[in-house]
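Me: I am new to this structure and would be grateful for a close look at a single part of it. Please set that part in its wider surroundings as well.

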Amino acid sequence: KDAINKGWLVPFRYYGIYDETVNYEDIDYKNGKYDDKQLEEALMLNKRGELILNHYLKYNSKRAMGFCTSRHHAEYMAKVFNENNIPSAAVYSGEKGEYSEERNIALSKLTSGELKVIFSVDMFNEGLDVPAVDMVMFLRPTQSPTIFFQQLGRGLRLHDKKECLTVLDFVGQAHKNYSFEDKFRALGADIRRVVK
């Protein structure tokens, strides 16, 4: 908050978007973590892809980052966006897929405007330097305030063609043991409800 007020970072608009396509209550939740395989399957629903795409299109984003739960999830999201004429890539470690790009190549293409969106998995929590990123999409539950804040920070850099950062957080019906408070405390906010 202080850095924004002092003009060191851009302000942001945060939208908690109710995602009725996913009921996290149905996903096993142990030791503060959702089951990876069940989570991946739940997040790769056609209706959910459309929901995310439609909200993305509401804002005039030039360069966006989407944070995904797995390489399959990132590939799925890149496929949905590319099929709708939004040049996108999936960036993750390990075996490559149809829509994947190497980290540095994807960043170069995002900077030049050749790509509009990068969907990543644990690759850009820190060390990303593309000040023109004007949208961040949280496409998976992120309870760790540190990771949440790092991912949010990917879009907070100052840029002469960016007035603010748009944050789209797609929030489903959470597991009863999942807490939003730590996440929102990282923003310095006291947010008690999700807006449809």
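In which strand is serine 120 found?

Reply: Serine 120 is found in strand S6, which covers residues 117-120. The model in which this strand appears is a predicted one.

A few overall figures give the setting. The protein has 196 residues, of which 46% count as buried, and it contains seven helices and eight strands. Among contacts with a separation of 6 or more, 75% are between residues 24 or more positions apart. The accessible surface is about 10,300 Å², and carbon and sulfur atoms account for 46% of that area.

Within this setting, serine 120 has a relative accessible area of 0%. A residue counts as buried when this value is under 20%, and serine 120 is therefore buried. Apart from its neighbours within four places in sequence, serine 120 is in contact with Met65, Gly66, Phe67 and Cys68, and also with Val91.

Strand S6 also has a part in the largest nonpolar core, which has 24 residues. Val117 and Phe119 are among the residues with the most contacts inside this core, together with Tyr56, Met77, Phe81, Met137 and Leu139. The elements that each give two or more residues to the core are helix H3 (46-57), helix H4 (71-82), S6, strand S7 (135-138) and strand S8 (165-173). Of these, H4 gives the most, with six residues.

Tyrosine 56 shows how such parts come together. Leaving aside its neighbours within four places in sequence, tyrosine 56 is in contact with Val117 and with Lys116. Its other contacts of this kind are Ser61, Ala64, Phe81, Ile86, Met135, Met137 and Leu168. A second core, separate from the one described above, has 20 residues, including Val10, Tyr14, Ala106 and Phe148.

The two helices named above, H3 and H4, pack against each other at an angle of about 60°, and their axes are 10 Å apart. Because of this angle, H3 is oblique to H4. The crossing in which H3 passes H4 is right-handed. On the H3 side, the residues that meet H4 are Asn46, Arg48, Gly49, Ile52, Leu53 and Tyr56. Their counterparts in H4 are His73, Tyr76, Met77, Val80 and Phe81. Tyr56, Met77 and Phe81 thus appear at this helix pair and also among the residues with the most contacts inside the largest core.

Notes
Residues are numbered from 1 along each chain as its sequence is written. This is a predicted model: local features need pLDDT of at least 70, side-chain atom pairs count only at pLDDT 80 or more; totals for chains, interfaces and linings use all residues. Side-chain values use heavy atoms; hydrogens and water are left out. Helices (H or I, at least four residues) and strands (E, at least two) are DSSP runs, numbered from the N terminus. Buried means under 20% relative accessible area, exposed over 50%, partly exposed in between (1.4 Å probe, protein chains only). Contact means heavy atoms within 4.5 Å. Accessible areas come from the Shrake-Rupley method with a 1.4 Å probe; for residues, only the protein chains shown count as cover. A nonpolar core is a set of buried Ala, Val, Leu, Ile, Met, Phe, Trp, Tyr and Cys residues joined through side-chain atoms within 4.5 Å. Axes are lines fitted to C-alpha atoms, for helices over the stretch in contact, and angles run from 0 to 180 degrees between N-to-C directions. Angles under 35 degrees count as roughly parallel, over 145 as roughly antiparallel, 65 to 115 as roughly perpendicular and the rest as oblique. A crossing is left-handed if the near helix is turned anticlockwise from the far one by less than a right angle, and right-handed if clockwise.
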